[in-house]
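Trainee: I should like to go through this protein with you, beginning with one residue and ending with the whole chain. May we look at it together?

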Amino acid sequence: MGKLNVFSGKFRRIAAVVVLTVVVSPLALIILGRWIDPPVTAFMVERYVHAWMEGDWRYTQDHDWVDWRNISRNMPLAVMASEDQRFPDHHGFDWVQMQKAVEDWQDGDRLRGASTISQQLAKNLFLWSGQNWLRKGLEVPLTFALETFWSKQRILEVYLNVVEFGDGVYGVEAASLSYFRKHAAQLSMSEAARLAAVLPNPKRFIADRPSSYVRERQRWIEGQMNNLGYDYLKRL
């Protein structure tokens with residue numbers, strides 16, 4: 001009985017250490033991320049592992065970090081227009097869009113996602129791809145922490161530097177050089193809109209060989225960018 005109690009005590013201490021590590025490590029990384037640019041994300045690591053498991057040893061990733069001041073203002077405006085038009089106003093979760101998505105589903109439409117840019121960044125940095133309730137549950141505190149410790153501008157800066165714009169092409173600088181042969185600072189409105197148009201599925205949609213769907217979505221995003229206006233960036 002004494003041995004069982006000792007074992008139970010050790011197990012509880014180990015479990016407490018594991019839980020504390022799981023909770024504290026991402027929080028520490030988020031706090032440091034206010035000043036230190038993340039060199040890699042969970043999504044990038046997952047993609048490498050997936051390629052290696054399939055025997056694709058030639059798989060590489062193109063990722064070039066670029067600071068906020070060296071990103072064309074068209075690009076943050078494009079992703080907000082496309083992905084999250086309430087980004088400056090919410091605190092990580094867009095309850096208006098969530099409610100609308102549920103109402104549309106109740107009316108018979110397919111249940112669509114209503115993830116904000118902050119939620120997408122939390123998922124990219126720390127979690128894994130795919131849809132399941134565990135991942136969605138972990139996404140909540142991570143998103144809250146990002147919104148607590150980072151400015152809106154920092155969230156957008158990191159998001160634009162780690163999001164995948166094509167198979168193995170991560171970040172706006174790598175995408176700009178790969179698809180338009182120019183730096184991110186030089187992106188026009190139409191080019192930024194096209195990059196934003198491929199984000200829902202960057203492995204299927206290709207920025208430099210756009211399908212009719214990508215072209216149509218690009219035009220819609222440009223219209224939304226004009227509606228928001230560049231003054232919208234001052235709200236970050």
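Trainee: Where does Leu187 lie, in terms of the loops between helices?

Mentor: Please bear in mind that this is a predicted model. Leu187 belongs to no helix here, but to the loop between H8 and H9.

Trainee: Is Leu187 buried or exposed?

Mentor: The cut-off for burial is a relative accessible area under 20%. Leu187 has a relative accessible area of 3%, so the residue counts as buried.

Trainee: Which residues are in contact with Leu187, leaving aside its neighbours within four places in sequence?

Mentor: One of them is Met75, which is 112 residues away in sequence, although the two C-alpha atoms are 7.4 Å apart. With sequence neighbours within four places left aside, the contacts of Leu187 are Ser72, Asn74, Met75, Val172, Ser176, Phe180, Lys182 and Leu195.

Trainee: Which residues of H8 are buried?

Mentor: Helix H8 spans residues 172–180 and is mostly covered, with seven of its nine residues buried. The cover over these buried residues includes strands S1, S2 and S3 as well as helices H3, H7 and H9. After the helix comes Arg181, which has a positive phi near 60°. The buried residues of H8 are Val172, Glu173, Ala174, Ala175, Ser176, Tyr179 and Phe180.

Trainee: Which residues have the most contacts inside the largest nonpolar core?

Mentor: In soluble globular proteins, nonpolar side chains tend to be buried together. Leu195 illustrates the contacts in this protein: leaving aside neighbours within four places in sequence, its partners include Met75, Phe165, Val172, Tyr179 and Leu187. The largest nonpolar core has 55 residues, and those with the most contacts inside it are Met75, Val79, Leu121, Phe165, Val172 and Leu195.

Trainee: Which residue caps the N-terminal end of H6?

Mentor: Helix H6 covers residues 133–149, and its 17 residues reach 25 Å from first C-alpha to last, close to the expected 24 Å. At its N-terminal end, a side-chain oxygen lies 3.3 Å from the backbone nitrogen of Leu134. The residue that supplies this oxygen, and so caps the helix under the 3.5 Å limit for a polar contact, is Asn132.

Trainee: With which side chain does the side chain of Glu139 make a polar contact?

Mentor: Glu139 lies in helix H6, where the buried residues also include Arg135, Leu142 and Glu147. Its relative accessible area is 2%, so Glu139 is buried. Not counting residues up to four places away in sequence, Glu139 touches Ser115, Gln119, Ala122, Lys123 and Leu127. Its polar contact, at 3.3 Å, is with the side chain of Lys136.

Trainee: What share of the residues of the whole protein counts as buried?

Mentor: The protein has 10 helices and three strands, in the order α-α-β-α-α-α-α-α-β-β-α-α-α from the N terminus. Of the contacts with a separation of 6 or more, 69% join residues 24 or more positions apart. The protein exposes about 13500 Å², of which carbon and sulfur atoms supply 58%. Among its 236 residues, the buried share is 43%.

Trainee: Over which residues is the pLDDT below 50?

Mentor: The protein averages a pLDDT of 87, and 82% of the residues score at least 70. One stretch falls below 50 and has two contacts in the model beyond near neighbours in sequence. Where pLDDT is low, the predicted coordinates should not be read in detail. The stretch in question is residues 14–23.

Technical notes: Residues are numbered from 1 along each chain as its sequence is written. This is a predicted model: local features need pLDDT of at least 70, side-chain atom pairs count only at pLDDT 80 or more; totals for chains, interfaces and linings use all residues. Side-chain values use heavy atoms; hydrogens and water are left out. Buried means under 20% relative accessible area, exposed over 50%, partly exposed in between (1.4 Å probe, protein chains only). Helices (H or I, at least four residues) and strands (E, at least two) are DSSP runs, numbered from the N terminus. Contact means heavy atoms within 4.5 Å. The expected span of a helix is 1.5 Å times one less than its number of residues. A polar contact is a pair of N or O atoms within 3.5 Å; within protein, one must be able to donate a hydrogen and the other to accept it, and residues adjacent in sequence count only if both atoms are side-chain atoms. A nonpolar core is a set of buried Ala, Val, Leu, Ile, Met, Phe, Trp, Tyr and Cys residues joined through side-chain atoms within 4.5 Å. pLDDT is the predictor's confidence in each residue, from 0 to 100. Accessible areas come from the Shrake-Rupley method with a 1.4 Å probe; for residues, only the protein chains shown count as cover.
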